[in-house]
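Here is a short briefing on the fold, meant to be read with the structure open beside you. Take a moment to look around before starting on the bullets.

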Amino acid sequence: MHRRAIILGLAASLAACSPHTLRVTEVQLGRTLNADETVGITATTFGPTDTVYIAVLTSGIGSATIGVRWKFGDRVLNEATKHVSYKDRAATDFSLKGAAGFPPGDYSAEVSFDGKPVETKTFRVVK
């Protein structure tokens, strides 16, 4: 019986590592979005009234919660999450726009996948 439990545990572990399991393949940062929610024009420098877009590209089958924490220096400006369920390649978009415009400086967008950090994109706002 003990041997069967080990085999079942090993099978479950291998299934979790399957190439078909939903995973992040790329994180894009830019100033426009395409119709498929990927970033159209990549950028790392923005004006105070620009909208900043993040596209989190995934591949595989499954569900997850994708999140972005937008920061100005150490100050959190906004946090957003989206629960997704995909059966193939997909893009999940997030955006940040300042109602009164962004002050010049260094910003970051921390992307997470099921609560685990995936990638941090940095960008700058200039006048």
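## Sheets, core and a buried lysine

Let's start with one pair of residues: Glu26 has Leu57, in β3, as its bridge partner. Please keep in mind that this is a predicted model. From that pair we can move out to the two sheets, then to the nonpolar core, and finally to one lysine.

**The three-stranded sheet**

- β1, β3 and β6 make up an open sheet, in the order β1-β3-β6, with antiparallel pairing.
- The edges are taken by β1 (23-30) and β6 (90-96); each has a single partner strand, so one side of each has no neighbour in the sheet.
- On average, neighbouring strands here are turned by 20° against each other, with direction ignored.
- β1 and β3 (residues 52-59) run antiparallel and are joined by seven bridges.

**The five-stranded sheet**

- Another open sheet has five strands, ordered β2-β8-β7-β4-β5, and its pairing is mixed.
- At its edges are β2 (45-46) and β5 (75-86), each of which pairs on one side only.
- Within this sheet, β4 (residues 62-72) and β7 (residues 105-113) run antiparallel, with seven bridges between them.
- Opposite Trp70 you will find Ala109, in β7.

**The nonpolar core**

- In soluble globular proteins, nonpolar side chains tend to be buried together.
- The largest nonpolar core in this model has 22 residues, and those touching the most other members are Phe46, Ile54, Val68, Trp70, Phe94 and Phe123.
- Two or more residues of this core come from each of β1, β3, β4, β6, β7 and β8 (116-125).
- Phe123 is a good place to centre your view: leaving aside neighbours within four places in sequence, its contacts include Leu29, Phe46, Val52 and Trp70.
- Phe123 is also in contact with Thr44 and with the run Gly105, Asp106, Tyr107, Ser108 and Ala109.

**Lys71, a charged residue worth a look**

- Is Lys71, in strand β4, buried or exposed?
- Lys71 is buried, because its relative accessible area is 16% and the cut-off for buried is under 20%.
- The Lys71 side chain makes a polar contact with the side chain of Glu110, at 3.4 Å.
- Not counting residues up to four places away in sequence, Lys71 touches Val76, Leu77, Tyr107, Ser108 and Glu110.
- Tyr107 and Ser108 thus appear in the contact lists of both Phe123 and Lys71.

Technical notes:
Residues are numbered from 1 along each chain as its sequence is written. This is a predicted model: local features need pLDDT of at least 70, side-chain atom pairs count only at pLDDT 80 or more; totals for chains, interfaces and linings use all residues. Side-chain values use heavy atoms; hydrogens and water are left out. Two strands pair if DSSP finds at least two bridges between them. Helices (H or I, at least four residues) and strands (E, at least two) are DSSP runs, numbered from the N terminus. Axes are lines fitted to C-alpha atoms, for helices over the stretch in contact, and angles run from 0 to 180 degrees between N-to-C directions. A nonpolar core is a set of buried Ala, Val, Leu, Ile, Met, Phe, Trp, Tyr and Cys residues joined through side-chain atoms within 4.5 Å. Buried means under 20% relative accessible area, exposed over 50%, partly exposed in between (1.4 Å probe, protein chains only). Contact means heavy atoms within 4.5 Å. A polar contact is a pair of N or O atoms within 3.5 Å; within protein, one must be able to donate a hydrogen and the other to accept it, and residues adjacent in sequence count only if both atoms are side-chain atoms.
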